[in-house]
Amino acid sequence: MAARSALDALNDWVASVALLTRPAAIQWCDGSDSENDALIAKMQADGTLLPLNPDTNPRSWLHRSHPDDVARVEHLTFVCTPEQDDAGPNNHWMSPADGHAQMDGLFDGCMAGRTMYVIPYCMGPIDSPLSRCGVEITDSPYVVANMRIMTRMGAAALARIEREGTFVKGLHSTGELDPNRRYIMHFPEELTIKSYGSGYGGNALLGKKCHALRIASHQARKEGWLAEHMLILGLENPQGETHYIAAAFPSACGKTNLAMLIPPEGYRRDGWKVWTIGDDICWMRPGADGRLYAINPEAGFFGVAPGTSEKSNPNALASIQSDTIFTNVGLTADNQPWWEGIDNGQQPTTDWRGEPYDPAKRPAAHPNSRFTVSAKQCPSYSPMAEDAQGVPISAIVFGGRRASLVPLVFEARDWTHGVLVGAAMGSETTAAATGAVGVMRRDPMAMKPFCGYNFADYFAHWLSFDTEGAKLPKIFHVNWFRKGDDGKFLWPGFGDNLRVLEWMIKRVEGRADAVETPIGQLPAESDLNLDGVDLSDEARARLFGYDRAGWQAEFASIGDYLDEYGPRMPEALKSEQQRIVTGIAK
Ligand code: OXD
Ligand code: MN
């Protein structure tokens, strides 16, 4: 009964969308190779995809987006709840009625002459109880090709929708790609997304940010789980034991690099290994044993290309040798993809807009240029990423891009403190979203652009996991981006971040020391394995130091931030902030 009605509901919705958008044809996507081949051929023929050098980059393509459509548009992204307060000060809001009216006006007749694609997809392993399904309707074949990489798309997802009787509805059109006619709207109560006027991944691949974070965070709150902007990795020690770590960093702050980390030489020799489960999104919920179990709802990586090199992320580079869609990168004379920081001895001749490369004019690759690739192509991809039950999380890490004040790592003393550490996260903005870059803003749990409801309620939801019998992960904060007086990074980062992860896991196992401070437990320099790392005195002082006056100012600002949410902000978080203010003042 439920099964039939789910398909009926889907058919009715597809028919009503077709009536509104008036496409020339409707294509139901099954996710097959032949369907993908036909779409690729069509996009090659009309110039949407340019084939790359088949010898160096087999079955790989370059897509150039409209130059005004290269990043997420937070100022045009809305959460439409009946009450404005339910969306919270952290979201732009419109009433559902106004939101639908606005979007339906834009969608009216917008697919005339185009094909409308219907994409059933599953976020997460197809047989996992933690997974959730959706259907995206789009007029963009580029979106179909990307969704095929990023989700479990097609027949199996449709069968699960039929079984479960529920799915998230996502309607997307590239429209005219006019920034003045561009909106990304979410209707959490209706499990519905409407996105118009952009072909950029974060705005158009609706399974990703729109479903797996904004709508899922709302579903998660109702159903008792967490939908987070986090990578998941497995850290295997020389004894063959693996601890899983989930880490939240804002966009373009190194989640992909950390998820695919290759340990420094000495660690590799000793048998340390990092396994990749996911690089962007983590869904987790308590298991029967009280631990949090996590899945990566995605099936691929939509990674930032600039800065990716053999040195920074060899696993990413190995992943994208074939069967990859590149968006807005530059090209070499022989049609190989190129970006700033690739460091492979090649030179670009064509920039991301298809013009002759001129460094005085613009970089070869857009700073937010991307690669889309199946996770299965990653050498460090963990077999556990396909596990239906998910992986047990030992540690949660929060981190931002902070040039000053924030030390390399500290540990929260308990769950409530950890939630405050996440809620207080600050970071400098990056090119992943339209707007100024390098501006410090509060980005709680790296979810500022992605939480589908009021942050005050979100923090209360996080706090609610601290129940009797819960075996919650330890919570840490890291800062890989601390700078010295000369403006250079003080910590080498990349593979050396493993030294910090090792300390965390030893803390989890009760095998490492730390120094108690009002902001949490910091390692002393001697608590970390720094063999072979060359750190200046300035670096050592700043990476492991506690700056009392600086933290006093920071906590005053955190207090102001919490107050912006008014009485909805959980008292527990406010008193936690007060506890630390008092500790700093002593
Ligand atoms: C992303 C983002 O693309 O966070 O993952 O912008
Ligand atoms: Mn992201």
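**Reading a Predicted Model: A Guided Dialogue**

Guide: Ser464 counts as partly exposed, at 41% relative accessibility. The structure before us is a predicted model.

Visitor: How is such a percentage to be read, and where is Ser464 located?

Guide: A residue is called buried under 20% relative accessible area and exposed over 50%, with partly exposed in between. Ser464 therefore falls in the middle class at 41%. Its place is the loop that joins helix H13 (455-463) to strand E28 (474-478).

Visitor: How far apart are Ser464 and Arg401 in sequence and in space?

Guide: Two separations should be read side by side here. Ser464 and Arg401 lie 63 residues apart in sequence, and their C-alpha atoms are 28 Å apart in space. For Asn180 and Leu76, 104 residues apart along the chain, the C-alpha separation is 9.5 Å.

Visitor: Is Asn180 buried or exposed?

Guide: Asn180 counts as exposed, because its relative accessibility is 67%. Asn180 sits in the loop between strand E9 (168-173) and strand E10 (183-187).

Visitor: What can be said of Ser394, which has its place in a strand?

Guide: Ser394 belongs to strand E24, residues 391-399. With a relative accessible area of 6%, Ser394 is buried. Ser394 and Ile505 are 111 residues apart in sequence, yet 7.7 Å separates their C-alpha atoms.

Visitor: Which residues does Ser394 touch?

Guide: Leaving aside residues up to four places away in sequence, Ser394 touches His243, Tyr244, Arg291, Pro473, Lys474, Ile505 and Val508. Ile505 thus appears both in this list and in the pair separated by 7.7 Å.

Visitor: May burial also be read for a whole helix?

Guide: It may, by examining its residues in turn. In helix H5 (residues 141-150), nine of the ten residues are buried, so the helix is largely enclosed by the rest of the structure. The buried ones are Pro141, Tyr142, Val143, Val144, Ala145, Asn146, Met147, Ile149 and Met150.

Visitor: At what angle do helix H2 and H5 pack?

Guide: For a pair of helices one reads the angle, the separation of the axes and the handedness of the crossing. Helix H2 (residues 33-46) packs against H5 at about 140 degrees, and the two axes are 10 Å apart. That angle makes H2 oblique to H5. Their crossing is left-handed. H2 contributes Asp33, Asn36, Leu39, Lys42 and Met43 to the contact, while H5 contributes Pro141, Tyr142, Val144, Ala145 and Arg148. Sorted by class, this contact has six nonpolar, one polar and three charged residues.

Visitor: How are H16 and H17 oriented with respect to each other?

Guide: Helix H16 (residues 548-563) and helix H17 (residues 571-585) pack at about 160 degrees, with axes 10 Å apart. An angle over 145 degrees counts as roughly antiparallel, and H16 and H17 are therefore roughly antiparallel to each other. The crossing of H16 and H17 is left-handed. From H16 the contact draws on Arg548, Trp551, Gln552, Phe555, Ile558, Gly559, Leu562 and Asp563; from H17 it draws on Leu573, Lys574, Gln577, Ile580, Val581, Ile584 and Ala585. The residues of this contact divide into nine nonpolar, three polar and three charged.

Visitor: How many disulfides does the structure hold?

Guide: The structure holds zero disulfides. To see why, one looks at the separations between sulfur atoms, since a disulfide requires two cysteine sulfurs within 2.5 Å. The cysteine sulfur closest to that of Cys110 belongs to Cys210 and is 16 Å away, too far for a bond. Cys282 is likewise in no disulfide, the nearest cysteine sulfur being that of Cys451, 15 Å away. Cys110 is buried, with a relative accessible area of 11%, and Cys282 is buried at 0%.

Visitor: What sign does phi usually take?

Guide: Most residues other than glycine have a negative phi. Ala252, although not a glycine, has a positive phi of about 60 degrees. Phe494 also has a positive phi, near 50 degrees.

Visitor: Where are Ala252 and Phe494 found?

Guide: Ala252 is in the loop between strand E14 (242-248) and helix H9 (255-259), and it is partly exposed, with a relative accessible area of 29%. Phe494 is in the loop between E28 and helix H14 (497-508). At 35% relative accessibility, Phe494 counts as partly exposed.

Definitions and conventions: Residues are numbered from 1 along each chain as its sequence is written. Chains are lettered from A and ligands numbered from 1 in the order in which they are written. This is a predicted model: local features need pLDDT of at least 70, side-chain atom pairs count only at pLDDT 80 or more; totals for chains, interfaces and linings use all residues. Side-chain values use heavy atoms; hydrogens and water are left out. Axes are lines fitted to C-alpha atoms, for helices over the stretch in contact, and angles run from 0 to 180 degrees between N-to-C directions. Helices (H or I, at least four residues) and strands (E, at least two) are DSSP runs, numbered from the N terminus. Angles under 35 degrees count as roughly parallel, over 145 as roughly antiparallel, 65 to 115 as roughly perpendicular and the rest as oblique. A crossing is left-handed if the near helix is turned anticlockwise from the far one by less than a right angle, and right-handed if clockwise. Contact means heavy atoms within 4.5 Å. Ala, Val, Leu, Ile, Met, Phe, Trp, Tyr, Cys and Pro count as nonpolar, Asp, Glu, Lys and Arg as charged, and the others, Gly among them, as polar. Buried means under 20% relative accessible area, exposed over 50%, partly exposed in between (1.4 Å probe, protein chains only).
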